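Let's take a walk through a protein model, stopping at its hollow spots, its ring pairs and one aspartate along the way. Have the structure open as you read.

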Amino acid sequence: MPKTIPFCYTESKLDGDEGLSLVDIKEIIDKLSQMKVFSIAFGGGEPFSRKDIFEIAKYAREKGITPTATTNGFFINSQNAENCQIFNVIHVSVNFLENIPIEKTSWHQAITLLKKAKVRVGINFIVSKQSLPFLEKVCQYAKSQKIKDVLFLRLKPKGRGKNFYSQFKLSNEENISLFPLLRKLVKKYKIHPMLDCSFLPIFYYHRPKRKFLGFFGLDGCVGGNYFVEIDWQGRVRACSFCQGFAGEAKEIDKIWEDSPHFLSFREWAKNAPLPCRNCEFLENCKGGCHALTQELTGDFYQPDPECPFVVEFKRKRDKFL
């Protein structure tokens with residue numbers, strides 16, 4: 001099996017600034033509550049490195065917002081596992097390590113403690129060339145732990161992830177093989193699969209029935225539509241992985257409707273280039289992952305270069321040039 005290479009999408013550092021103060025965060029939560037936001041997902045980095053994370057989650061609850069969190073499990077101990085009951089669900093990032101027994105990993109220990117505390121647990125799993133051999137193993141593990149929710153995430157060239165992206169991204173053939181493989185594993189292990197929206201162009205290549213897309217929780221890019229990211233400095237943008245910002249989160253109510261940053265995501269399909277323009281799935285797919293496209297091509301308005309339809313289109317075009 002390939003060795004595991006550590007990386008962080010946010011380029012976190014040991015001596016990094018903790019970021020927003022508790023007062024600032026509560027002010028932002030107040031604003032989101034006024035806008036009828038119904039859920040906040042705390043991620044990172046590592047949200048449980050903040051000592052006040054439970055106070056923040058409790059405040060969100062008090063304001064009518066459901067908190068969830070994603071963790072690598074490192075900071076989960078028997079004491080704060082009980083405190084995690086304040087969250088609707090804790091998604092634990094699972095990463096199988098060569099020659100390290102599962103029971104020795106921080107994520108397995110965290111899952112064990114959270115389940116013991118009767119906290120709803122889900123699994124996050126980044127799909128890459130490195131992790132693809134473990135795809136069945138993570139499904140098998142989820143079944144053994146009676147965990148239904150497994151979120152499969154597409155590897156993206158962001159943060160320190162840029163350093164390894166070309167080495168660990170899936171090939172076009174591997175991308176094409178993913179949907180049939182996952183469908184087989186879901187049936188075998190009886191898990192509830194979810195996929196991030198960036199997977200949609202890859203899955204549409206198989207022209208699946210709508211019921212399958214609903215089963216996998218798939219929709220096109222939701223960035224700047226009903227999903228935004230607020231970073232550790234209080235800046236808001238359409239997606240955790242995109243470039244640029246719409247403005248300050250404290251002003252989100254003022255910029256939500258007409259921010260050029262948000263509108264670039266919402267209106268991408270209106271002027272879609274080929275082959276997206278003629279694609280029967282454009283309305284749902286919305287051109288794939290724009291953040292990934294911008295990182296790889298330098299042009300936000302290009303189609304997702306890893307969409308199998310786009311790969312085929314470029315091959316045919318180049319053949320006649």
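What follows covers a pocket, a cavity, aromatic pairs, charges over rings and a buried side chain. Keep in mind that this is a predicted model.

**Open and closed spaces**

Start with the second largest pocket, which holds about 250 Å³ of space. Its lining takes in 20 residues, and those nearest the centre are Pro275, Cys276, Cys279, Glu280 and Phe309. Three elements give two or more residues to this lining: α8 (200-204), α12 (282-285) and α14 (308-319). Of these, α14 gives the most, with three residues. What is the make-up of the lining of this pocket, in nonpolar, polar and charged residues? It divides into 13 nonpolar, three polar and four charged residues.

Now for the spaces that are closed off. The structure has two cavities of 30 Å³ or more, and the largest cavity contains about 60 Å³ of space. Around this cavity you'll find Val127, Ser128, Arg154, Leu155, Tyr165, Phe168, Lys169, Leu170, Asn175, Phe199 and Glu306. By type, its lining splits into six nonpolar, two polar and three charged residues.

**Rings that meet**

Searching the whole structure turns up 17 aromatic pairs. Here are two of them, side by side.

| Pair | Centre to centre | Angle between planes | Type |
|---|---|---|---|
| Phe54 and Phe87 | 6.3 Å | 65° | edge-to-face |
| Phe281 and Phe309 | 6.2 Å | 25° | stacked |

Take Phe54 and Phe87 to begin with. Phe54 sits in helix α2 (residues 53-62), while Phe87 belongs to the loop between α3 (78-83) and β3 (90-93), so their pairing ties together parts that are 33 residues apart in sequence. Buried or exposed? Both Phe54 and Phe87 are buried. They also have company: ring pairs link Phe42, Phe48, Phe54 and Phe87 into a cluster.

Then there's Phe281 with Phe309. Why does this pair count as stacked? Because the planes of the two rings are at 25°, and the cut-off for stacking is under 30 degrees. This pair, too, links distant parts of the chain: Phe281 is in the loop between α11 (260-266) and α12, Phe309 is in helix α14, and 28 residues separate them. Phe281 has a relative accessibility of 11%, so it counts as buried. Phe309, at 18%, counts as buried as well. Phe309 is one you've met before, as one of the residues nearest the centre of the second largest pocket.

**Charges over rings**

Two basic side chains are worth a look here. Lys156 lies over the face of Phe241, 4.6 Å from the ring centre. Arg266 does likewise with Trp256, lying over its face at 4.4 Å from the ring centre.

**A buried aspartate**

Last stop: Asp231, in the loop between β7 (229-230) and β8 (235-237). With a relative accessibility of 7%, Asp231 counts as buried, since the cut-off for buried is under 20%. So what does its side chain touch? A polar atom of the Asp231 side chain lies 3.0 Å from the backbone nitrogen of Gln233. The side chain of Asp231 also makes a polar contact of 2.8 Å with the side chain of Arg235. In short, this buried aspartate has a backbone partner in Gln233 and a side-chain partner in Arg235.

Definitions and conventions. Residues are numbered from 1 along each chain as its sequence is written. This is a predicted model: local features need pLDDT of at least 70, side-chain atom pairs count only at pLDDT 80 or more; totals for chains, interfaces and linings use all residues. Side-chain values use heavy atoms; hydrogens and water are left out. On a 1 Å grid over the protein atoms alone, a cavity is a set of points where a 1.4 Å probe fits but cannot get out, and a pocket is an open set with protein on both sides within 12 Å along at least five of seven lines; lining residues have an atom within 4 Å of a point. Grid points are joined across faces, edges and corners, and a volume is the space filled by probe spheres set on the points. Helices (H or I, at least four residues) and strands (E, at least two) are DSSP runs, numbered from the N terminus. Ala, Val, Leu, Ile, Met, Phe, Trp, Tyr, Cys and Pro count as nonpolar, Asp, Glu, Lys and Arg as charged, and the others, Gly among them, as polar. Rings of Phe, Tyr and Trp (its six-membered ring) pair if their centres lie within 6.5 Å; planes under 30 degrees apart count as stacked, over 60 as edge-to-face and the rest as tilted. Buried means under 20% relative accessible area, exposed over 50%, partly exposed in between (1.4 Å probe, protein chains only). A charge sits over a ring if NZ of Lys or CZ of Arg is within 6 Å of the ring centre and within 35 degrees of the ring normal. A polar contact is a pair of N or O atoms within 3.5 Å; within protein, one must be able to donate a hydrogen and the other to accept it, and residues adjacent in sequence count only if both atoms are side-chain atoms.
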